[in-house]
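Please open the model in a viewer and keep the selection tool at hand. The stops below go from the whole chain down to single residues.

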Amino acid sequence: MSGLAAARELRAHGCTVTVLEGRKRTGGRVWTNHDLGFPIDMGANWIQGTDGNPLTQSADHSSVQVHQTDTESVRLWGPDGELVPDDDVEEAFEEFEDLAGALEEVAYELDSDETIAEHTVAILSRMLGEQVPDPVDGIVSRWASDPFAGGSYSFIPVGASPSDFDALAAPVGERLLFAGEATIKEYYATVHGAYLSGLREARRINRLTPR
Ligand SMILES: Cc1cc2nc3c(=O)[nH]c(=O)nc-3n(C[C@H](O)[C@H](O)[C@H](O)COP(=O)(O)OP(=O)(O)OC[C@H]3O[C@@H](n4cnc5c(N)ncnc54)[C@H](O)[C@@H]3O)c2cc1C
């Protein structure tokens, strides 16, 4: 997101831009996987906060359908396409959060997709109170071991501070500039943070480049 935002902004200002992408796909940590024949978001899928968020504006200008939730609620559609009643969702979600924590603990230690699938089925069966069928297929995201991601998104661990984001954003010699969600302390860990950091660096390049 940050790289493409920077590229687009620079092009809009008449610069010639070359984007180098390390992976065989574009999108980075915004990735809708279609391997199973239907779309699954492996990374970001939620516009975090709508007021003043530039992504809300983009969604408004595109044909993307947007549904509003808050951090405490989710919308769930059943296989028949019917909206599941809020009370049912809430009950299942509370249990899911407990069990997802348990799954996260085991997932770190497991390296085979099959074993993770077995644990997931066991947890879902516990959560739903009945044995769920074995999955016909599955995909496992591995952002932490992905060399082009190095983890899902940045956070502030013990011993770090928000100023570390500024350090990561600092240019080197007016020649080497850095964008990305981990360079913007106000909105780190988000797509709109990545987007805004790309615009920031494009504008810095514009200021630095004599015309
Ligand atoms: C599971 C998950 C869920 C998330 N959910 C949300 C959400 O709901 N809402 C939200 O706002 N945010 C969410 N995020 C965070 C959001 O996805 C990221 O903050 C944002 O996409 C990061 O954008 P970026 O441009 O900084 O980095 P990236 O999207 O990682 O882009 C970096 C690009 O550089 C490429 N690259 C890396 N190294 C090299 C190299 N050496 N050479 C060439 N190319 C290279 C990468 O392949 C990639 O295309 C989520 C992330 C994950 C993983």
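The tour covers domains, ligand shell, nonpolar core and one loop residue, all in a predicted model.

**Domains.** Start by colouring the chain by its domain assignment: domain 1 takes 1-43 + 142-211, and domain 2 takes 74-140. Placing a marker at the C-alpha centre of each, you will find domain 1 and domain 2 31 Å apart.

**Ligand.** Next, select the ligand and the 26 residues around it. Which of these residues come nearest? They are G22, G28, A44, W46 and A194. Two elements, α1 (2-12) and α6 (191-208), each give two or more residues to this shell. Coloured by class, the shell shows twelve nonpolar, ten polar and four charged residues.

**Core.** Now move to the largest nonpolar core, a set of 16 residues. Select M1, A6, V191 and Y195, the residues with the most contacts inside this core. Here too α1 and α6 are the elements that give two or more residues, and α6 gives the most, with five.

Stay on Y195 and display its contacts. Leaving aside residues up to four places away in sequence, Y195 touches M1, S2, A5, P54 and L55.

**Loop.** Finish at G14, in the loop between α1 and β1 (32-33). Is G14 buried or exposed? G14 counts as exposed because 8 other C-beta atoms lie within 10 Å, and the cut-off for exposed is 12 or fewer. As a last step, draw a distance from the C-alpha atom of G14 to that of N206: the separation is 9.9 Å, although the two residues are 192 residues apart along the chain.

Note on methods. Residues are numbered from 1 along each chain as its sequence is written. This is a predicted model: local features need pLDDT of at least 70, side-chain atom pairs count only at pLDDT 80 or more; totals for chains, interfaces and linings use all residues. A residue is near a molecule or strand if its C-beta atom, placed from the backbone, lies within 6 Å of it. Helices (H or I, at least four residues) and strands (E, at least two) are DSSP runs, numbered from the N terminus. Ala, Val, Leu, Ile, Met, Phe, Trp, Tyr, Cys and Pro count as nonpolar, Asp, Glu, Lys and Arg as charged, and the others, Gly among them, as polar. Domain bounds come from an automatic or database domain assignment. A nonpolar core is a set of buried Ala, Val, Leu, Ile, Met, Phe, Trp, Tyr and Cys residues joined through C-beta atoms within 7 Å. A residue is buried if 20 or more other C-beta atoms lie within 10 Å of its own, exposed if 12 or fewer, and partly exposed in between; C-beta atoms are placed from the backbone. Two residues are in contact if their C-beta atoms, placed from the backbone, lie within 7 Å.
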